[in-house]
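Trainee: I am new to this structure and would like to understand one part of it well. Please take me slowly through how the strands are arranged and what packs against them.

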Amino acid sequence: MSDGAILGDAVGEPRFEDPTRLLLRIENKLLHQTVARTLLPVENLQIAEDLDSEADLDAAEHHRPDIALVGCTVPSNYLIANIARIRLASPGTRIIALVPQVTAELTSTLRAVGVTELTDLDSTLEDLLGCLRRTRRAPSPGRLDAAQVQAIRARLQCGHKLSAREREIVDLVAQAMSNRQIASKLRITEGTVKRHMRNIFAKLRANSRIDAVNKATTTICCHLPVSSGSHGKVSVKSTCLGPLCDYFDSAQRPPLSA
C-alpha cells in the first residue's frame, strides 16, 4: 500500500456517517504513518495512532474504539498477539487485519480469533474506506469464547516453547548467519547447531529458516500485558508475551465468554 495507491484514489471528501473511533496498530512504522496520514482527513473518523504498545493498550482499554486496524508486512504471530491484546482489553472493538495477501487459510485463522474483516496491502483508499464502513456496521465481536482462546493459544505457544539457546540461535539466523557462523559465534559444533535447528523447526512447525524466524518473532518483539483484575475483569499491565501463554493455559483465568 504505497502513498500513491492510497492518496491517488482520494476523490472528494470521504466521511463516515457516524462518529467512529479507530485504533491504528501496524508493526511497520512507515506503513503505519502512511495509513494514518491518509485517513486523517476523513470526516467523523478519530484516529488513535500512537506507535507505543502501552499507549495503544491504554487507548483500547479506556477509549473503547469502534474499530482497530491491526497490520503486519509479514504474516506472523505478531498479528495474532496484537489482535489478542485488543480483544482482551476492549471486547466490543471490531478488528480489521491488514495483511500482505488475503488467503483462505489466513482468513480462517483470523476469523477464528474474532477478526471482522481482512484487507491487503494492495488496497486503495476506496477499498479501505469500504472495509472500515462494513466493519463499523458489523456486530460487536464480544468477549473471547473458548474456541477463540484455543486458537490464540495454539498460535502463540509455538514461540513460547523455545529454549534460551534456541532463541539465541534464531536471533543469529535472523542475522543471515550460516550454521558454521553460528557455531563459531556460540563456540559450539556445527553438528550441535544443526540439532538445535531441527528442534526449532519441529517446535515451530517451520519449513524454512525464514519461516522459523517469522514464527519466533512474536516472542522477541511482542508484548501482551494481561492480568486478572477485580470482578473477573481483564486489565492491562506491562509484561512479556510468555505470561500471555500462561494466562491462556491457566485454570484460574476469569471467564472470557460473554
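**The parallel sheet and its helices**

Mentor: Happy to! Let me begin with the whole protein: of its contacts (heavy atoms within 4.5 Å) with a separation of 6 or more, 66% are between residues 24 or more positions apart. Please keep in mind that this is a predicted model, in which local features need pLDDT of at least 70 and side-chain atom pairs pLDDT 80 or more, while totals for chains, interfaces and linings use all residues. Residues are numbered from 1 along each chain as its sequence is written, and side-chain values use heavy atoms, without hydrogens or water.

Of the 258 residues in the protein, 47% are buried, that is, under 20% relative accessible area with a 1.4 Å probe, protein chains only. The protein has 12 helices and 7 strands (DSSP runs, H or I over at least four residues and E over at least two, numbered from the N terminus).

Now for the part you asked about. Here 5 strands form an open sheet with parallel pairing, in the order β2-β1-β3-β4-β5. Strands count as paired if DSSP finds at least two bridges between them. At the edges stand β2 and β5 (117-120), and each has a single partner strand, so one side of each is left without a neighbour in the sheet. From one strand to the next, the twist averages 25 degrees.

Let us walk across the sheet, starting at the β2 edge. Strand β2, residues 43-48, pairs with β1, residues 15-26, in the parallel sense over 5 bridges. To find this pairing in the picture, look for Leu23, whose bridge partner in β2 is Ala48. Strand β1 also pairs with β3, which covers residues 67-71, again in the parallel sense and over 5 bridges. A good place to spot this pairing is Leu22, standing opposite Ile67 in β3. Moving on, β3 runs parallel to β4, residues 94-99, and 5 bridges join the two. Here Leu69 is your guide, as Leu69 stands opposite Ile96 in β4.

With the strands in place, we can add helices. Helix α5, residues 104-112, packs on the sheet and touches β4 and β5. The direction of α5 makes about 140 degrees with that of β5 (such angles run from 0 to 180 degrees between N-to-C directions, with axes fitted to C-alpha atoms, for helices over the stretch in contact). Another helix to look for is α6, which lies across β1, β3, β4 and β5. Follow α6 along its length and you will see that it runs at about 105 degrees to β1.

Helix α6 spans residues 125-137 and also packs with another helix, α2, made of residues 29-39. The axes of α2 and α6 are 12 Å apart, and the angle between these helices is about 80 degrees. On the α2 side, the residues that meet α6 are Val35, Thr38 and Leu39. From α6 come Leu125, Leu128, Leu129 and Leu132. So, on your next turn of the picture, try starting from α6: on the one hand it lies across β1, β3, β4 and β5, and on the other it packs with α2.

How values were computed. Buried means under 20% relative accessible area, exposed over 50%, partly exposed in between (1.4 Å probe, protein chains only).
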